Amino acid sequence: MKNQTKKLLVRSEKSIHSQTPRIEINLTKIAHNAEQLCELYRSKEIDIMGVTKVVCGDPMIAKVLVAKGINVLTDSKLINIKKMRDAKIKATFVLLKTPAMSEIEAVVKYADISMNTELSVIKRLSIVANQHHIRHQVILMVEMGDLREGIMPANIEQFITETQKLSGIKIVGIGANFACLSGVKPSAKSMLYFSSLASQIELKFSLPLLYISGGNSANYNWFMTSVNTMNINNVRLGESIFLGREPLDRKVIPNLFTDAFTFVSEVIEAKIKPSVPYGDRSLNALGDCLQFRDEGDIKRAILGVGQQDVRVSGLKSRLNFEIIGSSSDHMILNAQKADLKVGDEVEFDLNYGALLSVMTSPYVKKKYVYSY
Ligand SMILES: *Cc1c(COP(=O)(O)O)cnc(C)c1O
């Protein structure tokens, strides 16, 4: 073959990254939310752990949290913790879920503290910690009714007795978690129970608990309605910092920004078409059966994003465009409201699930914004 170099296009990394879809991350608004929440919770002597899992351990965001006084960061993925450490973020790092047996070495290496519920895992952590001549710190998660992770309260004392025999381990706290799997809310009663459990443990084992971690963003209503938050001294917050809402009723927390994140997508087709499909129908490409309202011919705009980029059901258009449906790489809007043209950008708010999906998607470009 002849030398074809002259015909080749320059294919650099840069040229394949388009401007959309992108997630605009307003660090100034996140900083404001973090500051406000720190102040609010500290008014009742509660410190915040910043939960970075929904932002995939993004170091730019982590840095903002630390700058606002959140010096303990927690993530469910070690790879995110490593990423933040590599970026020289100065914080105490907590692994937010009970370690897998297969990652114990890495847990001891990268996490200062891990949340735990299994004795066999803690035994392994102890062995590895001893090999490295350190004591790995653990927070024991207690089951409070949501039925995700947790040691049953009836077994916690026995569990602590066994854990205290392990030389490589130091128990630094206990934690409760609500409203993650089953939507069970933290009630005055369950929080009182958790609090008294902490007191009993401290007394019985002469074990001061550095972290009595009462829950997550879903504890907001409990916090606001409790004159006395007892000995609870910590909550782990993700959603309320990043999206400015409490997750149970989706209410906006006063003075917080709910639009620190903006998902931006681009119109790739805009045409007048019927509002109802024609031809014999089966399920769509993703196995769903969409419903359609007959509005006659409508302006339909296609955005060049789909389920591969974002959890579409968690998006809400800032201009209230109705999302008609989506497939893996296309999302269709009812564009009757405005004259959307090819090349136009459309902005969306994201809920927690949508934010999680865009921050982990390799297709979504990140853009940091530094002003209100
Ligand atoms: C995700 C998670 C949190 C944070 O929840 P938010 O609703 O984002 O505040 C706290 N604790 C645990 C154990 C979690 O898994």
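Here's a quick look at the ligand site and one aromatic pair in this predicted model.

**Around the ligand**

Start with the ligand and its neighbours. The shell is made up of 13 residues, and the closest of them are Lys 53, Arg 148, Ser 217, Arg 236 and Glu 239. Sorted by class, that shell holds 5 charged, 4 polar and 4 nonpolar residues.

Three side chains put a polar atom by a nitrogen or oxygen of the ligand, as the table shows.

| Residue | Ligand atom | Distance |
|---|---|---|
| Lys 53 | oxygen | 2.8 Å |
| Arg 236 | nitrogen | 2.8 Å |
| Asn 177 | nitrogen | 3.5 Å |

So how much of the ligand does the protein cover? On its own, the ligand has 380 Å² of accessible area, and the protein covers 94% of that.

**The aromatic pair**

Now for the rings. The model has 4 aromatic pairs. One of them brings together Tyr 41 and Phe 223, with 4.3 Å from centre to centre. Are these two rings stacked, edge-to-face or tilted? The planes are 40 degrees apart, and the pair counts as tilted, because the stacked class needs under 30 degrees and edge-to-face needs over 60.

In sequence, the partners are 182 residues apart, so the pair links distant parts of the chain. Tyr 41 belongs to helix H2 (residues 27–42), while Phe 223 belongs to helix H9 (residues 220–225). Tyr 41 and Phe 223 are both buried.

Phe 223 has another partner too: Lys 44 places its charged end over the Phe 223 ring, 4.5 Å from the ring centre.

How values were computed
Residues numbered from 1 in each chain as written. Predicted model: local features only at pLDDT ≥ 70, side-chain atom pairs only at ≥ 80, totals over all residues. Heavy atoms only, no water. Near = heavy atom within 4 Å. Polar contact = N/O pair within 3.5 Å; in protein donor to acceptor, adjacent residues only side chain to side chain. Areas by Shrake-Rupley, 256 points an atom, 1.4 Å probe, with all protein chains shown as cover. Nonpolar A, V, L, I, M, F, W, Y, C, P; charged D, E, K, R; others polar. Phe/Tyr/Trp six-rings, centres within 6.5 Å; stacked < 30°, edge-to-face > 60°. Helix = DSSP H or I, 4+ residues; strand = E, 2+ residues; numbered from the N terminus. Buried < 20%, exposed > 50% of the residue type's maximum accessible area, 1.4 Å probe, protein only. Lys NZ or Arg CZ within 6 Å of the ring centre and 35° of its normal.
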